Amino acid sequence: MKVVLQNLTKIFPSRNKKGEEVVAVNDFTFTIPDGKLIGLLGPSGCGKSTTLYMISGLQKPSGGQIFFGDDDVTELSAENRGVGLVFQNYALYPHMTVKQNIMFPLQNLKGEDKLTKTEMIERAYTAAKLVQIDDLMDRKPSELSGGQQQRVAIARALVKMPKVLLLDEPLSNLDARLRLQTREEIRRIQKETGITTIFVTHDQEEAMSISDMIVVMKLGVVQQTGKPQDVYDDPVNLFVAKFLGTPPINVFNGKVADGKLYIGDAAVLDTPGVADQEVTVGIRPEGFILDDNGPLVCKLSGIEVMGRDVSVVSTHEASLNPVIRSIINADNKIAAGETVSYSLKAHKVMIFSKEDESRIYF
Ligand code: ADP
Ligand code: MG
């Protein structure tokens, strides 16, 4: 099911007389293609959950429209939208078994959708198999691990065979290893079922690793949408550049003069066609080339071995981060010394306006 968001807006009224209203989601227009997994990504408070709740029907937009396929569902109640929703805290019913929890959404189906008990159990087992918990059906939630509980919540969201699956930070309560494993599972289930899925997270790595497309939000406003790799390679502004990537992009004060980019006194790159101005420079960690004659000379702080690669940690007066991290292939021999010199890969260097942090292309 294709999902279309058109100028979707949510304004919360102020809670006190002086307070300002909160524009939680501001003019969000986007088409989610049928059968894809979309990662909705941004820092806490940027409007991800609010967007999800409007799509689910739990919250009413202040403006704009939502379409499922060609149908305008903006005024349709949550029960009638055919969405499955999974929250960060699994919200299972503690007194019910796993089977009863999964079957629960089926019990209120009415009219021609009404199911017999046998049909409900069958559907519950199908959903449970999908998330591989069909051998735990008689347990209570308290007898399950966090990862298993989250699978029950996903099975419960899938049991009604939703047209759209909405996941709100579903992995946040899991430990690191389970998080990795469960996100792969979610990807597998999504591919197997072909259900259009929106996956909300503040974790860029999580979103990048499983999404067909990502949407990056900041303060209620969509900054950029696209394939994860495209957004990483070609961010439209400094916020997006900084939000994606581990280790994060290295940021410097710089200036453009006579078609050259300077960091400190060193001309590090040609930037033909860019007007003279002060700029912010972003360099991806993989954008540095060890080069004794390279123009960017940094003070060496240390070398961290990471197996295939090493991370060279250094500092520079113009750096806006406490340290610069470059990722270098471990085959390179790095001479211990006071300084480390780099030349740069042009396509890994980005410059941004000092005024509005937008990208300046060269
Ligand atoms: P996220 O899920 O990205 O962390 P939310 O969508 O929960 O962000 O919140 C977006 C903004 O809207 C925040 O500033 C939050 O404080 C505000 N907000 C969310 N829900 C309400 C509400 N019910 N009443 C008032 N403000 C709200
Ligand atoms: Mg949230």
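Me: At what angle do helix α4 and helix α5 pack, and are they roughly parallel or antiparallel?
Reply: This is a predicted model. Helix α4 covers residues 146-158 and helix α5 covers residues 176-193. Their axes lie 11 Å apart and the packing angle is about 20°. Angles under 35 degrees count as roughly parallel. That makes α4, relative to α5, roughly parallel.

Me: Which hand does the crossing of α4 and α5 have, left or right?
Reply: Take the pair as α4 passing α5. The crossing is right-handed.

Me: Which residues of α5 does α4 meet?
Reply: From α4 come Gly147, Arg151, Ile154 and Leu158. An α-helix has 3.6 residues a turn, so residues three or four places apart point the same way. Across from that set, α5 offers Leu178, Gln181, Glu185, Ile186 and Ile189.

Me: How many residues in the contact of α4 with α5 are nonpolar?
Reply: Sort the contact by class. Two residues are polar and two are charged. The nonpolar count is five.

Me: In what order do the strands of the five-stranded open sheet run?
Reply: Strands of a sheet pair through backbone hydrogen bonds, either parallel or antiparallel. In this open sheet the pairing is antiparallel. The order is β15-β19-β16-β17-β18.

Me: Which strands are the edge strands of that sheet?
Reply: An edge strand here pairs on one side only. Two strands fit, one at 288-290 and one at 324-329. They are β15 and β18.

Me: By how much are neighbouring strands of this sheet turned against each other on average?
Reply: Direction is ignored for this value. The average turn between neighbours is 50°.

Me: Which residue in β19 stands opposite Leu290?
Reply: Strand β19 spans residues 339-344 and runs antiparallel to β15. Three bridges join the two strands. Opposite Leu290 stands Tyr342.

Me: Is strand β14 largely enclosed or exposed?
Reply: Strand β14 runs over residues 277-283. Buried means under 20% relative accessible area. Five of its seven residues are buried, so β14 is largely enclosed by the rest of the structure.

Me: How many bridges pair β14 with β11, and how many join it to β20?
Reply: Strand β11, residues 250-257, pairs with β14 in the antiparallel sense. Gly254 stands opposite Val279 on that side. Strand β20, residues 349-353, also runs antiparallel to β14, with Thr280 opposite Phe352. The counts are seven bridges with β11 and five with β20.

Me: How many residues of helix α1 are buried?
Reply: Helix α1 covers residues 48-56 and is mostly covered. Its buried residues include Lys48, Leu52, Tyr53 and Ile55. The count is eight of nine.

Me: Which residue follows α1, and what is its phi?
Reply: Look just past the end of α1. The residue there has a positive phi. It is Gly57, with phi near 95°.

Me: Is Met1 buried, partly exposed or exposed?
Reply: Met1 sits in the segment before β1. It is in contact with residues including Asp34, Phe68, Lys163 and Thr196. Its relative accessible area is 30%. Buried needs under 20% and exposed over 50%, so Met1 is partly exposed.

Me: How far apart in space are Met1 and Lys36?
Reply: In sequence the two are 35 residues apart. In space, C-alpha to C-alpha, the distance is 9.2 Å.

Me: What share of the residues in the protein chain is buried?
Reply: The chain holds eight helices and 21 strands. It has 362 residues. The buried share is 49%.

Key
Residues are numbered from 1 along each chain as its sequence is written. Chains are lettered from A and ligands numbered from 1 in the order in which they are written. This is a predicted model: local features need pLDDT of at least 70, side-chain atom pairs count only at pLDDT 80 or more; totals for chains, interfaces and linings use all residues. Side-chain values use heavy atoms; hydrogens and water are left out. Two strands pair if DSSP finds at least two bridges between them. Helices (H or I, at least four residues) and strands (E, at least two) are DSSP runs, numbered from the N terminus. Axes are lines fitted to C-alpha atoms, for helices over the stretch in contact, and angles run from 0 to 180 degrees between N-to-C directions. Angles under 35 degrees count as roughly parallel, over 145 as roughly antiparallel, 65 to 115 as roughly perpendicular and the rest as oblique. A crossing is left-handed if the near helix is turned anticlockwise from the far one by less than a right angle, and right-handed if clockwise. Contact means heavy atoms within 4.5 Å. Ala, Val, Leu, Ile, Met, Phe, Trp, Tyr, Cys and Pro count as nonpolar, Asp, Glu, Lys and Arg as charged, and the others, Gly among them, as polar. Buried means under 20% relative accessible area, exposed over 50%, partly exposed in between (1.4 Å probe, protein chains only).
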